[in-house]
Amino acid sequence: MAKKKLVISSGAGMSAESGISTFRDAGGLWEQYPVMEVASADGFRRNPALVHKFYNERRHDLLKAQPNAGHLGLVDLEKDYDVYVITQNVDDLHERAGSKHVLHLHGELMKVRSMEHPERVYQLHPEALDTTPDTIIDGDHVRPHIVFFQEAVPNMEPAVELAHEADVFVVIGTSLNVYPAASLLHYVRPGVPVYYIDPNPAPVPAGVHVLKMGASEGVAKLARILRGQE
Ligand code: APR
């Protein structure tokens, strides 16, 4: 019997317990940095060195972080479900935890791509994480492989398909502020159960099962619910 599809939509809160800053919580990244200077297309054009520096710092933070029990709990659910993770996060913690299917909507922190040939994407290695506007790979300048504000979200189409195919849909650790990612739960078929794990949940449609708790506790509770133990 084919396994049912469990589709996850995760945001920064998924990685909070790994010590990675969220964006809009108190002390979050957007309180420390002017978001439109370090994470927008205009900001990158204006001051590419600042943007490279911002992402260099986040790569060094990521190197010190480990997947948390929430990431690992999602991997454990692969025993019972075909689990597909759609994430707004640019960290690689879902992959490092062992998730087999991870779709990044906003890019990947540990990758850069050619400015001249955008299809050329390069994985950065721990001993060479820092880039600048003068970094050259294969003869080309490179940029963070991140979807900046004001740029299109290329993976939205496959993400919508996954949401539409979900037999269970779970939103974890996102303030549902940023579109189009925030619209994914509206593509879930009627009757498919939707859960939302977040200690400070944003308003969601009636019928969504809100688990008002952190990712680690929430994923463990979700697993008990899905396995009929709760
Ligand atoms: N477990 C689960 N959720 C948590 C935890 C935790 N331990 N701690 C905080 N949260 C929740 C917060 O309550 C909030 O709802 O995580 C969410 C973080 O919201 P944001 O900081 O807005 O992060 P996110 O929704 O992922 O932002 C979306 O905005 O700046 C852009 O590209 C960036 O991908 C990001 C996008």
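**Ligand site and backbone details**

Q: How many Å separate a backbone N or O atom of Phe 23 from an oxygen atom of the ligand?
A: The model is a predicted one, and the distance is computed from its atoms. Phe 23 is listed among the closest of the residues surrounding the ligand. Within 3.5 Å a pair of N or O atoms is taken as a polar contact, and here a backbone N or O atom of Phe 23 lies from an oxygen atom of the ligand at 2.7 Å.

Q: Which residue places a polar backbone atom 2.9 Å from a nitrogen atom of the ligand?
A: Glu 17 also has an atom 2.9 Å from a nitrogen atom of the ligand, but that polar atom belongs to its side chain. The residue that offers a polar backbone atom at 2.9 Å from a ligand nitrogen is Ala 215.

Q: What percentage of the area that the ligand exposes when taken alone does the protein bury?
A: The space taken by the ligand is the largest pocket. Taken alone, the ligand exposes 740 Å², and the share of this area that the protein buries is 91%.

Q: How many residues of the shell around the ligand are charged?
A: The ligand is surrounded by 22 residues, with Arg 24, Thr 174, Ser 175 and Asp 198 included among the closest. Of the shell residues, 8 are nonpolar and 10 are polar, while the number that are charged is 4.

Q: Which residue in strand 5 stands opposite Val 112?
A: Strands 4, 5, 6 and 7 form an open sheet in the order 5-4-7-6, with antiparallel pairing, and strand 5 (121-123) is an edge strand that pairs on one side only. Strand 4 (residues 107-114) is joined to strand 5 by 3 bridges. Opposite Val 112, strand 5 places Tyr 122.

Q: What is the approximate phi of Asp 138?
A: Asp 138 is found in the loop between strand 6 and strand 7 (140-146). As a residue other than glycine, Asp 138 nonetheless has a positive phi, near 50°.

Q: What is the approximate omega of the cis peptide bond between Tyr 179 and Pro 180?
A: Pro 180 has its place in the loop between strand 8 (168-172) and strand 9 (194-197). The peptide bond joining Tyr 179 and Pro 180 is cis, with an omega of about 5°.

Technical notes:
Residues are numbered from 1 along each chain as its sequence is written. This is a predicted model: local features need pLDDT of at least 70, side-chain atom pairs count only at pLDDT 80 or more; totals for chains, interfaces and linings use all residues. Side-chain values use heavy atoms; hydrogens and water are left out. A residue is near a molecule or strand if one of its heavy atoms lies within 4 Å of it. A polar contact is a pair of N or O atoms within 3.5 Å; within protein, one must be able to donate a hydrogen and the other to accept it, and residues adjacent in sequence count only if both atoms are side-chain atoms. Accessible areas come from the Shrake-Rupley method with a 1.4 Å probe; for residues, only the protein chains shown count as cover. On a 1 Å grid over the protein atoms alone, a cavity is a set of points where a 1.4 Å probe fits but cannot get out, and a pocket is an open set with protein on both sides within 12 Å along at least five of seven lines; lining residues have an atom within 4 Å of a point. A molecule sits in a cavity or pocket if more than half of its atoms lie within 2 Å of its grid points. Ala, Val, Leu, Ile, Met, Phe, Trp, Tyr, Cys and Pro count as nonpolar, Asp, Glu, Lys and Arg as charged, and the others, Gly among them, as polar. Two strands pair if DSSP finds at least two bridges between them. Helices (H or I, at least four residues) and strands (E, at least two) are DSSP runs, numbered from the N terminus.
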